[in-house]
Amino acid sequence: MSALLTDALRARIGERAVYTAPEPLGRAAIRYYAVAVGDDNPLYTDRSYARDHGYEDVIAPPTLLAETNQYVLGCPDGDGYLGHSWHLDVPHTRAVRGGNAYEFGKPAGPDTIVTATWTITDMTERTTSRGVPMLIVTSEARYTDQHGELLLTNVETLIHTALGGER
Amino acid sequence: MTGADIAVGAAVPHLERTITLTDMVAYAGATWDWHRMHYDPDFLTAKGFPGPVVDGQVFGALLAEQLQDWLGPRAVLRTLDFRFKNLVFAGETVRCTAQVTAVEPDPDGDGELVTVASTVEVIGPDGEALRTAVTPAGATVAVRR
């Protein structure tokens, strides 16, 4: 018997959300991200270096697409969050990130216009080692460019754990 | 980077990084993610956090950087995965460690496919491990000839 995985939640498995960035990723966004994470790899900032190593132009650090919310139109919510959310109603729980699994395709560059397609692929209820119910929500985001080429697949888990071990 | 040590069991050179609040503000801007848990004292106090919480996905960036720095521009990351174990807070230092677990011909290229297992730990001033931030983690990297 499910304590957290209600029929209403289960019905949302397969739900999809699609976002297309309003502009190309941009050279500045790539350099900004590289600076912010302290990565001085010239593949991300030096066009001639990138060309010498088989790329047409600078490329984005591989994890950038999975981390940026640039493709989301709109304004941050009251907590300052702008990114994709399913806004799942799982009462009396606390949500934490479980992890991410990326598969990289074609590298993104300054001219890439990203479309991110998010899908709820699974919801599974389990209990923690202390017997506390938790709902594991798995989503997949596929990032493609304006030519339909796959750039990245990001499988993300979000864990909703019951507060106080009870609903 | 020479590639001479790409063999099963080889240790990837550590990557250590102290993540300051300034770094976190820069990251928030660079990723268009201004969630208050990463910088706002009022929010953090209300939620019971001891300090600004480092965005976990930055560890993915560090793990990728560690491998790319080691293997050089001929290397292309194919996969990367990581699970979060403990939160990390502003001002703490993390150490990324990784070890090669497989080296095989790349079925999709003309080089090798290198598989590594990684961990991210929070370390103290003498380099001692305080707690694990990320485990398990792993990656596969194609290294062109």
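Reader: Where in chain B is B:Trp32 found?
Author: This is a predicted model, in which local features need pLDDT of at least 70, side-chain atom pairs count only at pLDDT 80 or more, and totals for chains, interfaces and linings use all residues, while side-chain values use heavy atoms and leave out hydrogens and water. Residues are numbered from 1 along each chain as its sequence is written, and chains are lettered from A and ligands numbered from 1 in the order in which they are written. Helices (H or I, at least four residues) and strands (E, at least two) are DSSP runs, numbered from the N terminus. On that numbering, B:Trp32 sits in the loop between helix 1 and helix 2 (41-47) of chain B.

Reader: What is phi of B:Trp32 near?
Author: B:Trp32 is partly exposed, with a relative accessible area of 31%; buried means under 20%, exposed over 50%, and partly exposed in between (1.4 Å probe, protein chains only). B:Trp32 is a residue other than glycine, yet its phi is positive, near 55°.

Reader: Which residues in chain B lose the most area to chain A?
Author: Let's start with the whole interface: 33 residues of chain B are in contact with 34 residues of chain A, where contact means heavy atoms within 4.5 Å. Together the two chains bury about 2,900 Å², with 54% of it on carbon and sulfur atoms; buried area is the accessible area (1.4 Å probe) that two parts lose on being put together, summed over both. On the chain B side, 21% of what is buried belongs to the three residues that lose the most area, namely B:Trp32, B:Gln57 and B:Pro73.

Reader: Which residues are buried in helix 2 of chain A, and why do they lie on the same side?
Author: Here is a handy rule: an α-helix has 3.6 residues a turn, so residues three or four places apart point the same way. In helix 2 (residues 27-36), the buried residues cover an arc of only 165° around the axis, which puts them on the same side; the arc is that of the directions from the helix axis to the C-beta atoms. The face turned away from that side carries the exposed residues A:Ala28, A:Arg31 and A:Val35. The buried ones are A:Ala29, A:Ile30, A:Tyr33, A:Ala34 and A:Ala36.

Reader: What do the buried residues of helix 2 of chain A pack against?
Author: Their partners come from both chains. In chain A they pack against helix 4 (64-67), and in chain B against helix 1 (21-30) and helix 3 (58-71).

Reader: What phi does A:Gly38 take, just after helix 2 of chain A?
Author: A:Gly38 follows the helix we have just looked at. Its phi is positive, at about 75°.

Reader: Is A:His87 buried or exposed?
Author: A:His87 lies in the loop between helix 4 and strand 2 (93-104) of chain A. Although not a glycine, A:His87 has a positive phi of about 50°. With a relative accessible area of 66%, A:His87 is exposed.

Reader: Which residues is B:Ser118 in contact with, leaving aside its neighbours within four places in sequence?
Author: B:Ser118 is part of strand 4 (residues 112-123) of chain B and counts as buried at 7% relative accessibility. One of its contacts, B:Pro136, lies in strand 5 (residues 129-143) and follows a cis peptide bond from B:Thr135, with omega near -10°. The full list is B:Leu63, B:Thr97, B:Ala98, B:Pro136, B:Ala137 and B:Gly138.

Reader: What pattern does chain A follow, read along the sequence?
Author: Chain A has 167 residues, of which 49% count as buried. Its secondary structure comes to four helices and five strands. Read in order, the pattern is α-β-α-α-α-β-β-β-β.

Reader: And what pattern does chain B follow, read along the sequence?
Author: Of the 145 residues of chain B, 50% count as buried. Three helices and five strands make up its secondary structure. In sequence order they read β-α-α-α-β-β-β-β.
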